[in-house]
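Colleague: I am new to this structure. Please take me closely through one part of it, the metal site, and tell me how the rest of the chain frames it.

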Amino acid sequence: METYAKALVYAIPFFTGLVLLEVLYGHFVKDQKHNVMDTVSSLSSGLTNIIKDSLGLVLVLVSYPVLLGVFSIFELKATWPVWILAFLAIDFAGYWNHRLNHHVNIFWNQHVIHHSSEEFNLACALRQSISNVVGYFALLLLPAAILGVPNEVIAILAPIHLFAQFWYHTQHIGKMGWLEYIIVTPSQHRVHHAINPEYIDKNLGQILCVWDRMFGTFQEELPTVPPRYGVLKPANTWNPILINFQHVWRLCKDAWRTTSWYDKLRIWFMPTGWRPQDVVKKYPVHGIDNVYHFKKYRPEASFALKVYAVFQLLFNTFLMLYMFYNYSEIGLAGLLQFGAFVFVGIYGYTTLMDKKGYAVGIEVFRGILGIALILGTGDWFGINGLWSFGSIMVSCYFIITILGGIYFTMKEDKESPDTTINRIP
Ligand SMILES: [Zn+2]
Ligand SMILES: [Zn+2]
């Protein structure tokens, strides 16, 4: 975990830098694909994911080394062909895992966050799950374990394989010639994130597109069908923590409300979107009917609120970098406490972005709690050891949080969150 945390200290600024580069590029070519609040929401989602992962908040059903110990027939050395074999095994497993996520109700819940943005840009790539609480991916690597692919090879390749899925979340790169036949490209992944009937649930590959071509899920981006992004049941919130549990909450309600015991049991494993007949009639859920005429979620926000949202994102990113930087010094109890602060922080400022009245309660509460912790311990998780003014700076941040929470709740019009803009057809 500590190595992972240290790697993140470099990975976060690297990915954030590339997102910024895309924003600047869009600005200069006058084709901006970012919306401030959406990008803040995406990057905040990335923060929640890495905090959750770095704290190891997952119940691992079975790990790769265990599978290897039980099932391996051969004892392979880490030679080049084995690296290639391992890469193919990870990508093949990734394809099926992704397909499972799209097609089964309970699995869709842990993937919906990745599709929840109604924009498509590099920041979307960072919308990653926190609701994947059970680790089962190693099971899909059984073929590699049987062949005896060493654990070190898998351990090194897995994060590289994940990071290599970042670059293709962009609208600034067109089709890529012969590469379209081998790897997943921006064009193919635009199709994947689109909700047009022609495109939905297509292109599930992660690095290689050959699996989609082999198993009938490939769809080319068509010049006549411009992709429309998002999910059929829109998230209608900038709060990434809420988005992670919206679908499972709907499933819980349906399972509770249906009178059929069979439906109560099977709803979790039915195809994504399936609902018991009786609750469909009694409690209809409205999704998007016409992908060319739905309204994007965009509550009115003043320029000041946008700047404030960016400030909150930056400060929470800074706090988290400090947490990773001092990972071992802070200790497990401290890390959990620290992680909770950043989580509540993200919950608070994204609720403020959503213009929900209760945001002020969260903001004042976490502000007071933060200041109380600093006054009580005389420090902020050892930050004074790094900079003598460290805890004063964090105190100032919490004071700004309290004042910002009150100011923006009073100042911004209380428009309903469904104040949205028309999508340009
Ligand atoms: Zn997907
Ligand atoms: Zn994606």
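Modeller: What follows starts with the whole protein and then moves to the metal site.

This is a predicted model, in which local features need pLDDT of at least 70, side-chain atom pairs count only at pLDDT 80 or more, and totals for chains, interfaces and linings use all residues. Residues are numbered from 1 along each chain as its sequence is written, chains are lettered from A and ligands numbered from 1 in the order in which they are written, and side-chain values use heavy atoms, with hydrogens and water left out.

The protein has 17 helices and four strands. Helices (H or I, at least four residues) and strands (E, at least two) are DSSP runs, numbered from the N terminus. The C-alpha trace spans about 60 × 55 × 50 Å along its principal axes. A compact globule of 425 residues would have a radius of gyration near 22 Å, and the protein agrees because its value is 23 Å. That radius is taken over C-alpha atoms, and the globule rule is 2.2 Å times the number of residues to the power 0.38.

Buried residues make up 49% of the 425. Buried means under 20% relative accessible area, exposed over 50%, and partly exposed in between, with a 1.4 Å probe and protein chains only. Contact means heavy atoms within 4.5 Å. Among contacts between residues at least 6 apart in sequence, 76% join residues at least 24 apart.

Now the metals. The zinc ion (ligand 2) is coordinated by H114, H169, H189 and H193, each through NE2, at 2.0 to 2.1 Å. Donors are N, O and S atoms within 2.8 Å of the metal (3.2 Å for Na, K and Ca); water is not among the atoms, so sites may look incomplete. The angles among the four donor atoms run from 94 to 157°, and the site is irregular. Four donors count as tetrahedral if all angles lie between 85 and 135 degrees; four count as square planar and six as octahedral if opposite donors are over 155 degrees apart and all others between 65 and 115; anything else is irregular.

Along the chain, the donors of the zinc ion (ligand 2) follow the spacing H-x54-H-x19-H-x3-H. The pair H114 and H193 links distant parts of the chain: H114 sits in helix α6 (residues 112–115), H193 in helix α9 (residues 186–193), 79 residues apart.

The zinc ion (ligand 1) lies 5.9 Å from the zinc ion (ligand 2). Its protein donors are H98, H102, H111, H115 and H192, again through NE2, at 2.1 to 2.2 Å. Their spacing is H-x3-H-x8-H-x3-H-x76-H. Here too a pair links distant parts of the chain: H115 in helix α6 and H192 in helix α9, 77 residues apart.

Look at the donors' surroundings. H114 counts as buried because its relative accessibility is 8%. Leaving aside neighbours within four places in sequence, H114 is in contact with C124, A125, R127, Q128, H169, H189 and H193. The side chain of H114 also reaches the backbone oxygen of R127 at 3.1 Å. That is a polar contact: a pair of N or O atoms within 3.5 Å; within protein, one must be able to donate a hydrogen and the other to accept it, and residues adjacent in sequence count only if both atoms are side-chain atoms. H115 is at 3% relative accessibility, so H115 counts as buried. H192 is buried, with a relative accessible area of 2%.

Helix α9 is mostly covered: eight of its eight residues are buried. Among them are H189, H192 and H193. The buried residues of α9 pack against α4 (80–103) and α6.

R127 leads on to another helix. S41, found in helix α2 (residues 36–54), is in contact with R127, W238, P240 and M353, leaving aside its neighbours within four places in sequence. S41 counts as buried, at 0% relative accessibility. A polar atom of the S41 side chain lies 2.8 Å from the backbone oxygen of W238.

One loop follows α9. N203 lies in the loop between α9 and α10 (210–215). N203 has a positive phi of about 55° although it is not a glycine. N203 is buried as well, with a relative accessible area of 2%.
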